[in-house]
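Let's explore a protein model together, one question at a time. Have a look at it first, and then we'll reason through what it shows.

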Amino acid sequence: MTQGTPGARASAAAYPILTLTTLLWAGNTVAGKWAVGEVSPQVLTTLRWAFAFAVLAVVARRAILADRDRLMQRWPYLFLMGAFGFTIFASLFYAAGTYTTAVNVALIQGAVPVFVMALNFAVRRVPVRAGQVLGAAVTLVGVAVATTHGDLAVLAHLGLNRGDGLMLAASLVYAGYTVALAGRPPVSGLAFFTALALAAFLTSLPPLAAEWALGRAIWPTTATAWAIVAFVALGPSLLAQLSFIRGVELIGPNRAGLFVNLVPVFGAGLAVLLAGEPFGGAETLALLLVLGGILIAEIAGRRGPRSAEFGRSEERSR
């Protein structure tokens, strides 16, 4: 077996997994819009992780029992990962949306791959090649095209406000979570994610209490509201997060992080399918730019000897 074969096999497995992840996250954006008036943000956040944990507690019980000693040894890490990667990120994301435009939110979130590369270099000294930087830049242009529907002149009129600062903080938080995934304990993916889901549920309770105290809590009472809760819990929360963890394990944070920029492109596609919006040249260009940027970064990331971050991921998966 040649040295490059394991990397190629990992990439072939990671691409569809990460594509599914971003498709589900795009669906979460649509569900969030449908949830307005049906279920409030913090109620939705708490219920999604309550249901996700309940499902995992049944499905992953054997894995949890097998790995319980290792999980307990790393409980501070697990608690912080669930708190920051899921609860704090979601709270900042929702708050940002109340103060700034959807264009600003998408553009700033598009910087997540850049933050991942910077943090991965600062913390783990994982080198960043010029091609990876170029690929990230091209995907960010694709995000701009998708969110402005091809009218890039809109960007000249964007201003900075409190919401932009909150979205910047949210992006940094998720980038930190992505980088920290490489240091997860040597346990099964199901056991690991079950611990994170529990942490996310517990840390979602204080924001829920604050929302209730302010009189803004809306509990699901209709079939539509419960359908939204079920989808968000099983799709974007359970399946997507498990898939993202696996994708990072296979190809490392730098390369997996670039797939985040497919979210606004898939969001535009879902708007076409679900809301009958037109799919024109701008949407096609955005998709090509994001895919092209990922391809550029992948070519750069796979040249030469295997990186340390992939080596660590491969050892953990054995």
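Q: In what order do the elements of the protein chain run from the N terminus on?
A: Keep in mind that this is a predicted model. Walking along the chain, you meet 14 helices and zero strands. From the N terminus on, the order therefore reads α-α-α-α-α-α-α-α-α-α-α-α-α-α.

Q: What percentage of the residues of the protein chain count as buried?
A: A residue is called buried when its relative accessible area is under 20%. The chain has 318 residues to sort in this way. The share that counts as buried is 49%.

Q: How much of the accessible surface of the protein chain belongs to carbon and sulfur atoms?
A: Start from the total, which comes to about 14,600 Å² for the protein chain. Carbon and sulfur atoms hold a share of that surface, and the share is 70%.

Q: Which residue forms a salt bridge with D67?
A: Side chains of opposite charge can pair when their charged atoms come close. Look in helix α3, which covers residues 61–73, for a partner three residues from D67, about one turn of the helix. The closest N and O atoms of the pair are 3.9 Å apart, and the partner is R70.

Q: Is D67 buried or exposed?
A: The cut-off for buried is under 20% relative accessible area. D67 has 9% relative accessibility, while its partner R70 is partly exposed at 43%. Because 9% falls under the cut-off, D67 counts as buried.

Q: How many residues apart in sequence are the parts that the pair R184 and E249 ties together?
A: R184 forms a salt bridge with E249, with the closest N and O atoms 2.8 Å apart. R184 lies in the loop between α8 (162–180) and α9 (189–213), whereas E249 sits in helix α10 (residues 223–251), so the pair ties together parts whose separation in sequence is 65 residues.

Q: Which residues do salt bridges that share partners join into one network?
A: E249 also forms a salt bridge with R246, their closest N and O atoms being 2.2 Å apart. R246 and E249 both lie in helix α10, three residues apart, about one turn of the helix. R246 is partly exposed, with a relative accessible area of 33%, whereas E249 is buried at 8%. Salt bridges with shared partners join into one network the residues R184, R246 and E249.

How values were computed: Residues are numbered from 1 along each chain as its sequence is written. This is a predicted model: local features need pLDDT of at least 70, side-chain atom pairs count only at pLDDT 80 or more; totals for chains, interfaces and linings use all residues. Side-chain values use heavy atoms; hydrogens and water are left out. Helices (H or I, at least four residues) and strands (E, at least two) are DSSP runs, numbered from the N terminus. Buried means under 20% relative accessible area, exposed over 50%, partly exposed in between (1.4 Å probe, protein chains only). Accessible areas come from the Shrake-Rupley method with a 1.4 Å probe; for residues, only the protein chains shown count as cover. A salt bridge is a side-chain nitrogen of Lys or Arg within 4 Å of a carboxyl oxygen of Asp or Glu.
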